[in-house]
Amino acid sequence: MEVVIVPDAAAGGELIAEAMAQLLRRRPDALLGVATGSTPVPIYQALKAKVRSGAVDASRARIAQLDEYVGLPADHPESYRSVLHRQVLEPLGIGMNAFMGPDGTATDVQAACEAYDRALTEAGGVDLQLLGIGTDGHIGFNEPCSSLASRTRIKTLTEQTRIDNARFFGGDVRQVPHHVITQGIGTILEARHLVLLATGENKADAVAATVEGPVAAVCPASALQLHPHATVVVDEAAASKL
Ligand code: GLP
């Protein structure tokens with residue numbers, strides 16, 4: 001695992017956007033696994049600036065979703081599909097036909113999870129998977145004690161994660177869905193390059209457990225230690241307990 005400490009979130013965003021740009025120059029139709037939350041926003045902003053300046057062409061990139069709420073209509077502003085459309089697809093000039101994600105509105109959620117897991121493999125696998133990290137060490141929506149071999153499946157959010165995410169739902173935790181679909185940890189580990197960004201002091205404990213703790217299901221992000229090409233980018237605040 002490679003750990004890179006950067007001064008702040010903007011520098012982390014720039015570093016990772018440049019890695020994505022280099023990948024797209026080598027492989028214009030790369031499959032990029034993208035994450036939601038506030039952490040990756042500087043990455044998307046930096047990548048958008050590169051596209052606007054002509055430094056990279058992202059129009060042939062393919063985008064794969066990491067996780068999704070169950071039960072939110074696809075056009076709900078906080079469904080992760082909508083968020084990614086707003087933050088990634090539209091700014092980078094990528095059409096919905098190049099987007100793949102799990103169906104959080106499916107009546108047979110289990111079948112939707114299996115179909116998405118299969119679709120990722122059939123698409124050739126994810127070239128670069130962006131990850132954020134929850135304050136409890138979760139990646140995607142794999143909460144603590146998720147199996148390190150898990151595949152895409154339905155999960156129940158912890159109260160802490162629902163509280164953390166309430167800010168996207170007008171601060172009202174009751175509006176945050178209880179259930180989600182997430183790529184499993186085993187699924188995530190199949191991406192060729194994993195890039196986790198963590199910023200802010202509230203992530204310092206989770207970062208320390210991820211980087212210096214044992215590989216253990218209590219900290220799902222520690223599974224990155226098992227991956228042959230994992231990069232953890234942290235700002236100084238998130239690195240403060242290393
Ligand atoms: C959610 C997402 C994760 C994300 C986490 C942290 O739980 N499912 O992918 O990493 O939030 O979010 P933030 O970056 O806003 O702290």
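Reader: Which residue in β10 does V3 stand opposite?

Author: In this predicted model, strand β1 (residues 2–6) and β10 pair in the parallel sense over five bridges. Within β10, the residue that stands opposite V3 is V232.

Reader: Which residue in β10 is the bridge partner of A198?

Author: Strand β9 (residues 193–198) runs parallel to β10, and five bridges join these two strands. The bridge partner of A198 in β10 is V234.

Reader: Through which helix does the chain cross from β9 to β10, and is the crossover right-handed or left-handed?

Author: The connection is a β-α-β crossover from β9 to β10. The helix on this path is α7 (residues 204–212), and the crossover is right-handed.

Reader: Why is strand β10 largely enclosed by the rest of the structure?

Author: Burial is assigned when 20 or more other C-beta atoms lie within 10 Å of a residue's own. Strand β10 covers residues 230–235, and it is largely enclosed because the number of its six residues that are buried is five.

Reader: Which strands are the edge strands of the open sheet of seven strands?

Author: The sheet has parallel pairing and the order β1-β10-β9-β6-β2-β3-β5. An edge strand here pairs on one side only, and the two that do so are β1 and β5 (99–100).

Reader: Which residue in β3 does G33 stand opposite?

Author: Strands β2 and β3 pair in the parallel sense, with four bridges between them. Opposite G33, the residue in β3 is A64.

Reader: On which residue is the kink in α3 centred?

Author: Helix α3 (residues 80–92) has 13 residues and reaches 17 Å from its first C-alpha to its last, which is close to the 18 Å expected at 1.5 Å a residue. The helix nevertheless has a kink of about 40°. The residue at the centre of this kink is R86.

Reader: Against which elements do the buried residues of α3 pack?

Author: The buried residues in α3 are Y80, R81, L84, V88 and L92. Their packing partners are β2 (31–34), α2 (41–53), β3 (62–65) and β4 (67–69).

Reader: What phi does G93 take, just after α3?

Author: G93 follows directly on helix α3. Its phi is positive, at about 70°.

Reader: Is D136 buried, exposed or partly exposed?

Author: The unreviewed UniProt entry places the feature "active site" at D67, D136, H138 and E143. D136 lies in the loop between β6 (128–131) and β7 (153–156). It has 18 other C-beta atoms within 10 Å, whereas burial requires 20 or more and exposure 12 or fewer. D136 therefore counts as partly exposed.

Reader: Is E143 buried or exposed?

Author: E143 is also found in the loop between β6 and β7. It has 21 C-beta neighbours inside 10 Å, and the threshold for burial is 20 or more. E143 is therefore buried.

Reader: Which residues does E143 touch, not counting residues up to four places away in sequence?

Author: D136 touches E143, P144, T158, Q160 and A206 under that sequence exclusion. With residues up to four places away likewise not counted, the contacts of E143 are D136, H138, K155, L157, T158 and T161.

Reader: How far apart in space are E122 and I139, C-alpha to C-alpha?

Author: E122 belongs to helix α4 (residues 109–122) and is exposed, with 9 other C-beta atoms within 10 Å. E122 and I139 are 17 residues apart in sequence. In space, their C-alpha to C-alpha separation is 23 Å.

Key. Residues are numbered from 1 along each chain as its sequence is written. This is a predicted model: local features need pLDDT of at least 70, side-chain atom pairs count only at pLDDT 80 or more; totals for chains, interfaces and linings use all residues. Two strands pair if DSSP finds at least two bridges between them. A crossover is right-handed if, with the strands pointing away from the viewer, the path from the first strand over the helix to the second runs clockwise. The expected span of a helix is 1.5 Å times one less than its number of residues. The bend at a residue is the angle between axes fitted to the seven residues ending there and the seven starting there. Two residues are in contact if their C-beta atoms, placed from the backbone, lie within 7 Å. UniProt positions are given in the numbering used here, feature names are shortened, and annotations may be inferred rather than shown by experiment.
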